[in-house]
Amino acid sequence: MMAGYVLKVKTKSGQKVVNGLLPQDKLGKLRSKLVEITGIPAEALHVLCGFPPRPINLNDETGSLEACGIISGDTLIVEEKPPLYNGKQNSKDIGRSHIVDEKGFANTPGVLMKKVVPADNSCLFTSVGYVLNGKVDPSCAGFMREIIANAVASDPVEYSEAFLGRPNPEYCKWILKPESWGGAIELSILSKFYGLEIAVIDSINAIINRFGEDQHYAQRVFLIFDGIHYDPLYLEPLDGGSIQTIFPTEDEKILFEAAELAKEVKSSRQFTDIQKFMLICNDCKVKLNGQTEARQHAKETGHMNFGEVAV
């Protein structure tokens, strides 16, 4: 008798298990089970599988689990995405052709480039979404904030007040607010959730901070940080083909290129002077000039929610 599949499912509310499936079962059956355990409507299900995470088309009623490469023991990342309108996406939401299959990784000549994302206090989350999906989609920020809040709430020992800089429950409420910025804590949690190393080029100090490096993940993605704002990096092929944002961790060449980019950005002073940029207190709407004024304001008022002022 053929053994049934056991699949692990990661959602914003935690990890679940799907069983009772066979290799020859159709994707429609998997979709029904995911709807049942997640509560996400079928038309809004967005499922990623494998490393690097690749999208699974659950609308293919004829395809089987085995045929689309899903095997017992795999982990599925399940997200909720807005349904399509009239069967189509808004053209501005459709990203360029994007290499997500490991077979597509190659020594393709190209240039490491920055993709600018909105400066809306969620740039870190939008940047992570871009390197995973190949398109700028600010709506992914809410999902990632919930991933982080749930991870922190589920482990108050690791994520203690001393580690977070505020009580665990208070942090969980804070990170869910759209005006709250992400940083090192959030990057480490997202690295673990997606099973990818996230390498962040610090353009102020010309160094690369690698989140998840000690986990020896098979794939790596790149972001760049200018002191205030995060943007994703991608490889623009010289032949004009598909962009690449996910790279094997053993690819030392792309890591070297990222290190060289960090030096170039620093030498050209493409970073934000954190003592001079404009902030706004989201609690009382007072505008503040630089980090020093923001710290003083927080000390005097207890207000901790700051946003960047577009200039």
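These are my notebook entries on a predicted model of a single chain.

**Entry 1: confidence**

I began with pLDDT. The chain averages 79, and 79% of the residues score at least 70. I then went through the elements. Helix α5, residues 168-175, has the highest mean pLDDT, at 94. Strand β6, residues 98-99, has the lowest, at 51. Next I looked for weak stretches. Residues 100-106 stay under 50, and the model gives them 15 contacts beyond four places in sequence. Over residues 270-275 the pLDDT is also below 50. That stretch has 19 contacts in the model beyond near neighbours in sequence.

**Entry 2: overall make-up**

I counted 8 helices and 16 strands in the chain. Of its 311 residues, 45% are buried. I took contacts with a separation of 6 or more and checked their range. Residues 24 or more positions apart account for 62% of them. The accessible surface comes to about 16000 Å². Carbon and sulfur atoms hold 53% of that surface.

**Entry 3: helix α3**

I went to α3, residues 140-153, and checked its length. Its 14 residues reach 20 Å from first C-alpha to last, close to the 20 Å expected at 1.5 Å a residue. Which of its residues are buried? I listed C140, A141, F143, M144, R145, I147, I148, A149 and V152. I then asked what covers them. The cover includes strand β5 (75-80) and the helices α2 (123-133), α4 (161-164), α5 and α6 (184-194).

**Entry 4: nonpolar cores**

The largest nonpolar core has 38 residues. I noted those with the most contacts inside it: V128, Y171, L187, L190, Y194 and I198. Which elements each supply at least two residues of this core? They are α2, α3, α5, α6, β8 (197-202) and β10 (219-225). Helix α3 gives the most, with 8 residues.

I picked Y171 for a closer look. Leaving out residues up to four places away in sequence, Y171 touches I148, V152, L164, R166, I185 and E186. Two of these I had already met: I148 and V152 are on the buried list of α3. Another core, of 19 residues, lies apart from the largest one. Among its members I found Y5, L7, A44 and L45.

**Entry 5: strand β3**

L45 led me to strand β3, residues 45-49. Why is β3 largely enclosed by the rest of the structure? It is because 4 of its 5 residues are buried. I then traced its partners. β3 pairs with β5 in the antiparallel sense over 5 bridges. In that pairing, L45 has E80 as its bridge partner. β3 also runs antiparallel to β4, residues 54-56, with 3 bridges joining them. There C49 stands opposite R54.

**Entry 6: positive phi**

Last, I scanned the backbone angles. Most residues other than glycine have a negative phi. I noted two exceptions.

N121 has a phi near 75°. It sits in the loop between β7 (110-114) and α2. Is N121 buried or exposed? It counts as buried, because its relative accessibility is 18% and the cut-off is under 20%.

K285 has a phi of about 70° and is not a glycine either. I placed K285 in the loop between β14 (278-281) and β15 (287-289). Its relative accessible area is 55%, so K285 is exposed.

Conventions. Residues numbered from 1 in each chain as written. Predicted model: local features only at pLDDT ≥ 70, side-chain atom pairs only at ≥ 80, totals over all residues. Heavy atoms only, no water. pLDDT = per-residue confidence, 0-100. Contact = heavy atoms within 4.5 Å. Expected span 1.5 Å × (residues − 1). Buried < 20%, exposed > 50% of the residue type's maximum accessible area, 1.4 Å probe, protein only. Core = buried A, V, L, I, M, F, W, Y, C linked by side-chain atoms within 4.5 Å. Areas by Shrake-Rupley, 256 points an atom, 1.4 Å probe, with all protein chains shown as cover. Pairing = 2+ DSSP bridges.
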